[in-house]
Amino acid sequence: RSGVSFVAAEAYTTSANYYVTDAQTGALFAAYEKSISSFTTATAAADFLAGFYEGMGGGTGFPTPDISLLTGWAVEVQTQPVSIFLEYMPRPYAKVITGNWELVLAEDAFKYAGPVNKDISKITGAADDVARDEAYRAYVKHWRELKSFAMALQPGKNNLRKTAVHLNRLIGHGPVTLDGTFVSGLDADGNFERNRKMS
C-alpha cells in the first residue's frame, strides 16, 4: 500500500559490544514494520524511524547503532522518487566518534602543511623551469589536500572561532601562483580578486 521499500543492518547482531533486550529488539522490528506499512512516502517513513531511534516512543534512545535505507516517493503526489539513508549512533558513542573524527581531520591538515612548506622551498630553489613546474604541481596537490581538511574541520559542532580565522588566512583562498599572486578576496560583484596580499 505504501510503496516504501526498506533495508536495515543492525550492529548488535554482529558485535559483542552492545546489549539489547528482547523487548528492545521487538520494538525495533515493530518500528521497521510500521515504517513500511503505515506511511505512504519514504520521507514520512524515514522521519518516523529517525524519531524511534532517538526516543523509542518513551524518551530513551535505542541502545545500539543501526543503519537503514528507505526508498519510495518523496511526497504524496508521487512525482519524485527518493532514497533516504539513515545512520544512527547512540549519543555517548556519537560524542566519542565526533571528537575522534575532529582529531583525524586536524592531524591530516597538519600532515599536509609540512609538504606544502617543502614544496614552496623547492619552487623558490628550482634550478630551471622544468623543476619549478614539477615542484609547483606537487605544491598545488598538497595545498588542495591541506585546504580540504582545514575546511572540513570548520562546519562541525565545535566553533573554532579565531583558530578558523587564522587557519583560513594562513592557508589562503587558493594556492599562490608562480607570478606571486593568489586569490585575495571577492569584489563587490562577487568576482575573485588576485593580488600579492590578503585583502
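The side chain of Ser68 makes a polar contact (N or O atoms within 3.5 Å, one able to donate a hydrogen and the other to accept it) with the side chain of Tyr53, at 3.2 Å. The model is a predicted one, in which local features need pLDDT of at least 70 and side-chain atom pairs count only at pLDDT 80 or more, while totals for chains, interfaces and linings use all residues. Residues are numbered from 1 along each chain as its sequence is written, and side-chain values use heavy atoms, without hydrogens and water.

Ser68 belongs to strand E2, residues 66-73 (strands being DSSP runs of at least two E residues, helices of at least four H or I). Ser68 is buried (under 20% relative accessible area; exposed is over 50%, 1.4 Å probe, protein chains only), with a value of 1%. Beyond its neighbours within four places in sequence, Ser68 is in contact (heavy atoms within 4.5 Å) with residues including Phe6, Leu49, Tyr53 and Leu86.

Tyr53, for its part, contacts Leu28, Tyr32, Phe62 and Ser68, among others outside its own stretch of four places in sequence. Tyr53 is also one of the residues with the most contacts inside the largest nonpolar core (buried Ala, Val, Leu, Ile, Met, Phe, Trp, Tyr and Cys joined through side-chain atoms within 4.5 Å), which has 17 residues. H1, helix H2 (42-55) and strand E3 (81-88) each give two or more residues to this core, and H2 gives the most, with 6.

In H1 (residues 22-37), Leu28, Ala31, Tyr32 and Ser35 are buried. They lie on the same side of H1, because they cover an arc (directions from the helix axis to the C-beta atoms) of only 100° around the axis. On the other side, Asp22 and Ala23 are exposed.

Key. The expected span of a helix is 1.5 Å times one less than its number of residues.
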